[in-house]
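Colleague: Please take a close look at one buried position in this predicted model and place it in its surroundings. I would like the confidence first, then the overall build, then the part itself.

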Amino acid sequence: MIIERSESQVVYAIVRAGGRQEKVSVGDLVTVDRVPGAAGSTIKLPAVMLVDGDKVTTAADELAKITVEAEVLENLRGKKIVIEKFKNKTGYRKRQGHRSELTRIKVTSIA
């Protein structure tokens, strides 16, 4: 019995976006911390690692040649986070809220 395996080239990159690292490939929709740019604009993300099939690139001089481009789809705000502090028998109550500024992007190319 012969099993044929189709060798598909898996290409993805680990990029630094908005203070975190994200694994992205072409066509992915990713929500990151707010990046400057209006909807429809193109941004470049710095690559930390690139995987192209079996080849893994982590050298800084080779990664400087890699460009990961993404299109800004929309700027939005995250879900509301409610922080409440309470101390028993003292009447101390404190309530605070927070919503993160986010950007949804679509990766257009890894070259």
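Modeller: Confidence differs between the elements: strand β8 (residues 81–87) has the highest mean pLDDT, 97, and strand β6 (residues 55–57) the lowest, 88. For the chain the mean pLDDT is 89, with 93% of the residues at 70 or more. Where pLDDT is low, the predicted coordinates should not be read in detail.

The build comes next. There are 10 strands and 1 helix in the chain, and their order along the sequence is β-β-β-β-β-β-α-β-β-β-β. The radius of gyration of the chain is 20 Å, whereas a compact globule of 111 residues would have one near 13 Å. The C-alpha trace spans about 75 × 45 × 30 Å along its principal axes. Of the 111 residues, 24% are buried. The accessible surface of the chain is about 8,300 Å², and carbon and sulfur atoms hold 49% of that surface. Among contacts with a separation of 6 or more, 66% join residues 24 or more positions apart.

The position I chose is E22, which lies in strand β2 (residues 20–24). Its relative accessible area is 19%. Buried means under 20%, so E22 counts as buried. The side chain of E22 makes a polar contact with the side chain of R20, at 3.4 Å. Leaving out residues up to four places away in sequence, E22 touches two runs: A13, I14 and V15, and also V30, T31 and V32.

The surroundings include the largest nonpolar core, which has 19 residues. I43, L45, V68 and I105 are the residues with the most contacts inside that core. The elements giving two or more residues to this core are β1 (11–17), β3 (29–33), β4 (42–45), β5 (47–52), β7 (68–77) and β10 (101–110).

V68 gives a view from within the core. With its neighbours within four places in sequence left aside, V68 is in contact with A13, V15 and V24, then with I43, K44, L45 and A47. Further along the sequence, V68 is also in contact with V107, S109 and I110. A13 and V15 are thus a link between the two descriptions: E22 touches both, and V68 is in contact with both.

Technical notes: Residues are numbered from 1 along each chain as its sequence is written. This is a predicted model: local features need pLDDT of at least 70, side-chain atom pairs count only at pLDDT 80 or more; totals for chains, interfaces and linings use all residues. Side-chain values use heavy atoms; hydrogens and water are left out. A nonpolar core is a set of buried Ala, Val, Leu, Ile, Met, Phe, Trp, Tyr and Cys residues joined through side-chain atoms within 4.5 Å. Buried means under 20% relative accessible area, exposed over 50%, partly exposed in between (1.4 Å probe, protein chains only). Helices (H or I, at least four residues) and strands (E, at least two) are DSSP runs, numbered from the N terminus. Contact means heavy atoms within 4.5 Å. A polar contact is a pair of N or O atoms within 3.5 Å; within protein, one must be able to donate a hydrogen and the other to accept it, and residues adjacent in sequence count only if both atoms are side-chain atoms. pLDDT is the predictor's confidence in each residue, from 0 to 100. The radius of gyration is taken over C-alpha atoms; the globule rule is 2.2 Å times the number of residues to the power 0.38. Accessible areas come from the Shrake-Rupley method with a 1.4 Å probe; for residues, only the protein chains shown count as cover.
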